[in-house]
Amino acid sequence: MKHLVPALVFVVVLPVLLSAQPDPYVGSEMCIQCHTPERETLAGSPHAWDDFNALAEHGCQSCHGPGRAHVQDPQDETLQPSRERFTAAERRGMCLECHDDSGHDEEHFAAGLDCASCHAIHGFDAGVTGAAGDARCVSCHESATESMSFSTASVAAISTEAEPRPFRSHGTPHAGQACSSCHTLGSLSEQSWEGRAGTERCQTCHGQTHPRFFASSHARAGLSCTSCHTVHSGDRVDELAPDSYLGRASQSCVECHASAVSEFTFNERHRLEEGIMECTSCHNPHEPTQRVRLGGFKDQLCAQCHVDKSAPFVFEHGASLVEGCTSCHVPHGSPNRHLLEFQSVADQCYSCHVSAPGFHARFTSQTLCTNCHSTIHGSNLHPAFLK
Amino acid sequence: MSGASMTFFKRGSSLLASVAVALGCVTSVVSASSDDDDELTGRFRVGYRGVSVGGEEGKYQQHVNLDQGPRIFEIRFDYVPVGALSDKVDRISFDIDHFGGDPFETLRFDMAKFGKYRFGYERSKSTYFYQDIILPAGLVDPSLDAEGDFTSFNFDRVRDHASLDLTLAPRASLNFDFSRYTRHGDGTTQLDIQREVFELERPVDEKNNEFDIAFQYKWDKASLVLQEHVRDYENAYEIFLPGGTLGTNTDNASELSFFFLDQPYALESFQHTVRANLTPTPQWLIRLSGSVENLNLDGEASERSAGVTFAGAPFTTDVEGLRDIGRDTIWVDADVSYLLNERASLVGGLWRRDANQSGDGTWDDTPLFNLWDTTTTGLEGGVQYALSTDIVVTGGLRYESRSVDHGQSEDEPPSVETRKTTHAGFFLAGQWSPGRVLDFNGELETGSYDDPFTLAAPTSRLRLRLRAKAKLQNGVRLDASYTGRRIENDNRPPGQLSTTPNWESDRDSLSARIGYRKKELDFSGGYSLIRVNHAVDQTVSAGAPALFPILFESDANFIDARLRYRFDPQWRVGADARWYDNAGSFAIRRNDVRAYVELTVTGGYLLNLGYRYVDYEEKTFGFNDYDANIVEASIGYAW
C-alpha cells in the first residue's frame, strides 16, 4: 500500500502535467503570416478549401509537421518543419491519407520521388498539365531528347544530372504539346509505348494520317510508333556529322532489317549508300505492303522511277506486266548484272521459256537472249520483243 | 572546247552556283538570327580528293565513280529560332552533300512552322554508268550469239521534289507536291537486224513531271481527303548507227550502212482519289478509299536503214508506225480496325482493283492490237491479342482472286484468253519482350496459288522471320535475325510432261550485330549471310533433256564494322570497313575500308583527312577487277 499513493499521483497527475505542455502545432493562419508567397498560391488550391481543412486537422502542418518550435525560434533552421525530414515513402504516405494514387506508376516512386516532386501542392495552377507541368517534367527529363528509354535507373540518373541538356521540343512537330498530352501518370512505363497500346496513344492524333498502320507488317510484328520515331526530338538531332553512309530515314530500318540493308552492299544495287534513295523511297512502313499478292499491273511501284520499262506497250511481257518486275529482278541488290535473279541471262529466260523455238537449241548458257530480244520489257513493234 | 574541258566547266559552274545558293541561304538565315538564344548548328566543308585506280576503270566507274579534284563540298545546318523569328518558323534545315561535282549530289531544304506550314525541297543528281565484260575471250562465239553484253550507258538522273503543306484552319489543310526527274546521257544497245546482231547508239532522253494537290478536312470523328494527281512523261527514244559496220560476226556477209529507229512517245495520266477516315468510337478505325486513274500514251515510230544481209543480199527499210494505248485503273480499298478490349483487336481489309488496258497501232501498215484487263479482289482479316504486357500474338487469313483477259496480235484483232488465279494463305506473328532489355519477334507467312498466270509465278510461298534483340543498360545493343523464303512452282505433276518447268527458289538471310554507344564512343559491327538457290527442273516437252542445267547458287558473306571515337573536344576519328565475299555461281569479292581523322581547332574550324580503299575481284575470270585508293583532305567550319 505504501506505493499506492505515489502510483495514483503518477497516473493522475502526470497526464495533467503533460497536458499542460504547449501544443506542438500552431494554426495555419500562423504559418501564412510569414510565408506570404505560399499564402497567395495556396488561396487557389484545393488545399485551402474547407474540405481539406476538415480532413487535415493541422492544416499546413499536416504535411510539414509541427511548427510551434519554429514559430518560437524562426532563426533556428533545425526547428523548421520541413518535409525533407521525412523519407520519400513517408511523404507519399502523408498524401495517401487523403489521396488515391492507384492510377500512378511506381517508376517515379522507385526512383526516390514523391508526389510533390511533380505536383505543386500549394498552387492549383501548377499541376502536371500545361506549360507549368511541362517545366516540372523537364526539370528532371531535360535529356529526354537523348533516349526514349527511361528505365528506373535512368530516371534516377536523369534526376541527378548535373548539367542537363536543353530540351529541344520547340524545334519539332510536337512543339507546343504538353508532356501530359501523351504521358499519363497511369502508364508512364516504357511498356505502355510498345505494341498496340503505344500505337493507340499516338493514333489519338495521328490515326487519320496513318489509318492502315494496324494492317501493316510492322504492327503485326508488335512494333509501335516509337520503334522508329523519336517523338521528343524530331528526326534531325545530333546527326549532323557525315558519319553514316545511309540516309536518315534508312538508318532507323537497319536495326531490324540488317540483312536487307546488307543487300545494298552487293556490286549491283539501288543507290541507298549514296544517299540518293531511302528505304522509304519504295517501302511505306505505315501501310500493309504485302497485301496484294496477285495484283496485276504489279510493276507500278517500280514505274515511279522506271517509266520507260513499264509504259503501256502494244506487246507486253506478261511476266513484267502481271507478275511484276520482281519476277526477274532482285530490287535491293544482287551479285548479278541488272539485278537479275541469275547471272546468266539465258538461265534467267530459260527458267520459264523452256519451250522456245527449236533453233534456240544451239544456244548455251553464255548466250545473251537480249541481244535479239532487246526490248524484253515490252515492245511496240514486235511480238517477240525484237525491236 | 574539249569534252574534258566542258565537263570541268560544267562542274565548275555547278559548284559555283551551289556555293552561291548555299552561302546565300546560310547568310540570310544567320543574319535573321538576331537572338542569342537561337540554336544554329551545322557544318561546312570543302576539300580536295585524290584518286588512283588500278585495273578495270569501267567497273570502278560503275561501282564507286568518285573523281579526283576539288570535289568535296558539303553544308549542313539546323536552325531553331527562339526569338522573334520563332513566330514565323520553328525550324530550318539545309543539307548539301557531294556538291563538288561528284556523281551523287543531294540538296535538301526544309522549313516549317508546325501547325501552320511546312515547305520542303529536295534535289538529287545521280550518274549511272554501266559497262560490263561478262564473257572470257575463249568463250566468245558470234555464231552462237555468245558475244557478251553490248548494253552500256552513262546518264544523269536529276530529281527535284518540292512540297508545301498549309494548315488553312485547325481542321483544314492543303498540300501541294511537285516532282520531276530527267534522264539524259549516252547509251548503247543491240538489235537483231536481218539476223545479225549490231551494236547501236541509244541515247537516254526522258523527262517526267508529276503534280499533286490534296485537300484534307477533319471533323472530330472523321476526315476526308480529296487528291488530284497529274503525270506528264516524254521519252525521245531513238536508236541509230553512227557509221557503217560489218556487225559482230565478221564471218558472214552482214553489213549495215546506216540505221535509224525512232520511237518517241508521250504519256499523261490523271488520277482522282477520295479517302475517308472514320473513328465513330475510340474502338473503331475505318478507312475507305477510292481512286480512278486514266492514262494515255501516244507514240510514233519510224525506221530507215540500208545494208547487206548475212546471205549477201542488199536490203533497205523505210517504214513508219503509230500507237495509242489507254489504261484505266480503279482502286477501291476498305480497312477496318476494331479494339475489342485492352488486350485484343481485330483488323480487316477488303480491296478491289480493275485495270483495263487497250490500244492499237500500226507498223509498216500492219495493224497491231493490245488488250489486257485484270480484276483483282482480295480479303484479309486478323486478330492481335496481348497475352500479357510482354507477349503479343497476331494471326490472320488472306484470300485473293484475279482474272486476266488478254490478247495481243498483229494483223487482226486478238482472240481474248481469260485466266483466273486464286491465292489463299495465312500469317502468324508473335512478340515477346521479357523485361525491358530483350525483345523477340517471329513471323510466319505462307500461301498457295491456284493456276498461276505466267511461268514466273509461284504455286506456293513460305516466309519465316525470327529476330532477337537486346538493349542493355551499359549501352550495348545485340541483334540477331533470320529470314527464310521459299517460293516454288510445282504445277507439273511428277512424271507428267508439259511445256512448263518446275522450279524452286530459296533465299535465306542470317545476320548478327552488336553495337555500343556512349558519348565518346560509337561502335557497331555485324555479320550477314545471304544464301540464294534457284533450281529449275527443265525435263519437259516430250521428255527432251534440258538444254543446259539451270542452277544458280550464291553464298554472300558480309562483315561490316563502324567506329567513331572522340578523344577530346578537338580530336575525332572514324573508320568503316565492309567485306563482301560471294561464293557460288558468280564468285566475287569486294572490300571497302574507310578511315578519317578530324580536328576541331579554335573557333569551330575543322580539318579532316580521310582515306578509302576499295578492292573488287571477280574470282572466275577477273575481267572487271579493280582497286582504288582515295584520299580526301578538307577544311570546314562548325557552328
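This talk covers the interface between chain B and chain A, then one helix in chain A.

A caution before the numbers: this is a predicted model.

Interface first. How many residues does each chain bring to the contact? Chain B puts in 172 residues. Chain A puts in 122 residues. The buried area between the two chains is about 12,700 Å². Carbon and sulfur atoms give 52% of that area.

Now the charged pairs. The rule finds 8 salt bridges across the interface of chain B and chain A. One of them joins E303(B) to K387(A). The closest N and O atoms of that pair are 2.7 Å apart.

On to polar contacts. Across the interface there are 31 residue pairs of this kind, both partners at pLDDT 80 or more.

Which element of chain B gives the most to the side that touches chain A? Strand β18, residues 391-410, with 9 residues. By class, that side of chain B holds 64 nonpolar residues, 50 polar ones and 58 charged ones.

Next, the helix. Take α7 of chain A, residues 88-96. Which of its residues are buried? R91(A), R92(A), M94(A) and C95(A). Look down the axis of α7(A). The buried residues fall within an arc of 150°, so they line one face of the helix. The general point is short. An α-helix has 3.6 residues a turn, so residues three or four places apart point the same way.

What covers those buried residues of α7(A)? The cover includes three helices of chain A: α5 (61-64), α8 (107-110) and α9 (115-118).

That's the tour. Questions, please.

Notes
Residues numbered from 1 in each chain as written. Chains lettered and ligands numbered in written order. Predicted model: local features only at pLDDT ≥ 70, side-chain atom pairs only at ≥ 80, totals over all residues. Heavy atoms only, no water. Contact = heavy atoms within 4.5 Å. Buried area = accessible area lost by both parts, 1.4 Å probe. Salt bridge = Lys/Arg side-chain N within 4 Å of Asp/Glu carboxyl O. Polar contact = N/O pair within 3.5 Å; in protein donor to acceptor, adjacent residues only side chain to side chain. Helix = DSSP H or I, 4+ residues; strand = E, 2+ residues; numbered from the N terminus. Nonpolar A, V, L, I, M, F, W, Y, C, P; charged D, E, K, R; others polar. Buried < 20%, exposed > 50% of the residue type's maximum accessible area, 1.4 Å probe, protein only. Arc of directions from axis to C-beta.
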